[in-house]
Amino acid sequence: MNNDKRITLAWTGASGAPYGLRLLECLLAADYDVFLLISSAARVVLATEHGLKLPAGPDAAKQVLVNHLGCHGDKLTVCGKEDWFSPVASGSAAPKQMVVCPCSAGTLASVAHGLSDNLLERAADVVLKERGQLLLVVRETPFSTLHLENMLKLSQMGATIMPAAPGFYHQPQSIEDLVDFMVARILDHLGVEQGLVPRWGYDHRQP
Ligand SMILES: Cc1cc2nc3c(=O)[nH]c(=O)nc-3n(C[C@H](O)[C@H](O)[C@H](O)COP(=O)(O)O)c2cc1C
């Protein structure tokens, strides 16, 4: 179990904005301090898939999210794209855990090659160099050879590649059930207690 209770969460422009939103909700409910990084494309996807329009400014975006989730915002920090003075920009202060959810093929490539061209990419680079825990919830289909090579490269560096590929064995009744399947697996990997979906072998029996 992680005792630090600080985490970096990045939303990029892959399909799957509901995963990112639900993950944020669960991390805040678990009392985590969340540093949230949002790419420009992620804002477009969030508006397209969820109808939620986030302003470009970090403070205004935070306010919209807090209102949307109905939570208090003390534990949420929305970081600007070039806020190089954010704790996530330095190994001396960054949380040891980071999740990119959803993760686009573009961000996957940038992280695999250490570009660090914006705070989101830099934060991932920091977690890798500090040998922290980096989870990439990649979403694309089909995968090109380049995507697969980038995933292999990052996996060999210690990152966990978790394709946004929900299972169906828990008999989902709604989109929310499918979203919760993925979010539950992510929370398990982070060591965050969750009871979102029944566990295999305990609550599931052969038909
Ligand atoms: C509605 C929408 C859905 C998209 N879905 C995906 C996707 O599933 N996977 C992906 O790699 N890119 C997807 N893209 C394209 C990325 O947003 C685009 O490549 C962008 O440059 C990624 O930038 P980022 O990595 O900085 O967020 C999508 C774009 C839009 C507008």
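Helices here are DSSP runs of H or I at least four residues long, strands are runs of E at least two long, and both are numbered from the N terminus. With that in hand, Ser-104 is easy to place: it is in the loop between S4 and H4. We'll come back to that residue. One thing before you start clicking: this is a predicted model.

**The whole chain**

Colour by secondary structure. You should find 7 helices and 6 strands, and walking along the sequence gives the pattern β-α-β-α-α-β-β-α-α-β-α-β-α. The C-alpha trace spans about 55 × 40 × 35 Å along its principal axes. For 207 residues, a compact globule would have a radius of gyration near 17 Å, and the chain's 16 Å agrees with that. Buried residues make up 39% of the chain. If you build a contact map, look well off the diagonal: of the contacts with a separation of 6 or more, 72% are between residues 24 or more positions apart.

**The sheet**

Hide the helices and keep the strands. In what order do the 6 strands of the open sheet run? They go S3-S2-S1-S4-S5-S6, with parallel pairing. Strands of a sheet pair through backbone hydrogen bonds, so switch on the backbone atoms for this part. The edges are strand S3 (76–79) and strand S6 (160–161), each of which pairs on one side only.

Now zoom in on the S3 edge. Select strand S2, residues 33–38, together with S3: the two pair in the parallel sense over 4 bridges. Val-34 has Leu-76 as its bridge partner in S3, and Leu-37 stands opposite Cys-79. Show the side chains of S3 next. Leu-76 and Val-78 are on one side, Thr-77 and Cys-79 are on the other, and all four are buried, so both faces of this edge strand are covered.

**The ligand shell**

Bring up the ligand and select what surrounds it. There are 16 residues in the shell, and the closest are Thr-12, Gly-13, Ser-39, Ala-41 and Ala-105. Two elements give two or more residues each: helix H2 (40–50) and helix H4 (105–112). Which helix gives the largest share? That would be H2, with 5 residues. Colour the shell by residue class and you get 6 nonpolar, 8 polar and 2 charged residues.

Next, overlay the annotation. The unreviewed UniProt entry lists Gly-13, Ala-14, Ser-15, Ser-39, Ser-104, Ala-105, Gly-106, Thr-107 and Arg-139 under "binding site". Gly-13, Ser-39 and Ala-105 are on that list, and they are also among the closest residues to the ligand in the model.

**Two residues from that list**

Back to Ser-104, in the loop between S4 and H4. Is Ser-104 buried or exposed? It has 23 other C-beta atoms within 10 Å, and 20 are enough to count, so Ser-104 is buried. Beyond its neighbours within four places in sequence, Ser-104 is in contact with Thr-12, Gly-13, Ala-14 and Ala-41.

Step along to Thr-107, which is in helix H4. Thr-107 is buried too, with 27 other C-beta atoms within 10 Å. Setting aside neighbours within four places in sequence, its contacts are Thr-12, Ser-39, Val-100, Leu-120 and Glu-121. Thr-12 is therefore a contact of Ser-104 as well as of Thr-107.

**Backbone oddities**

Finish with the torsions. Most residues other than glycine have a negative phi, and most peptide bonds are trans. Here are some places to look for the exceptions.

- Cys-101 to Pro-102: this peptide bond is cis, with omega near -5 degrees. Pro-102 is in strand S4, residues 97–103.
- Thr-141 to Pro-142: another cis bond, with omega about -5 degrees. Pro-142 is in the loop between strand S5 (133–138) and helix H6 (145–156).
- Lys-5: phi is positive, about 55 degrees, though Lys-5 is not a glycine. You'll find Lys-5 in the segment before strand S1 (6–11), and it counts as partly exposed because it has 16 C-beta neighbours inside 10 Å.
- Asp-31: phi is near 70 degrees, again a positive value in a residue other than glycine. Look in the loop between helix H1 (17–29) and S2. Asp-31 has 9 C-beta neighbours inside 10 Å, so it counts as exposed.

Conventions
Residues numbered from 1 in each chain as written. Predicted model: local features only at pLDDT ≥ 70, side-chain atom pairs only at ≥ 80, totals over all residues. Rg over C-alpha atoms; globule rule 2.2 N^0.38 Å. Buried ≥ 20, exposed ≤ 12 C-beta atoms within 10 Å, placed from the backbone. Contact = placed C-beta atoms within 7 Å. Near = placed C-beta within 6 Å. Nonpolar A, V, L, I, M, F, W, Y, C, P; charged D, E, K, R; others polar. Pairing = 2+ DSSP bridges. UniProt positions renumbered as here; feature names shortened; annotations may be inferred.
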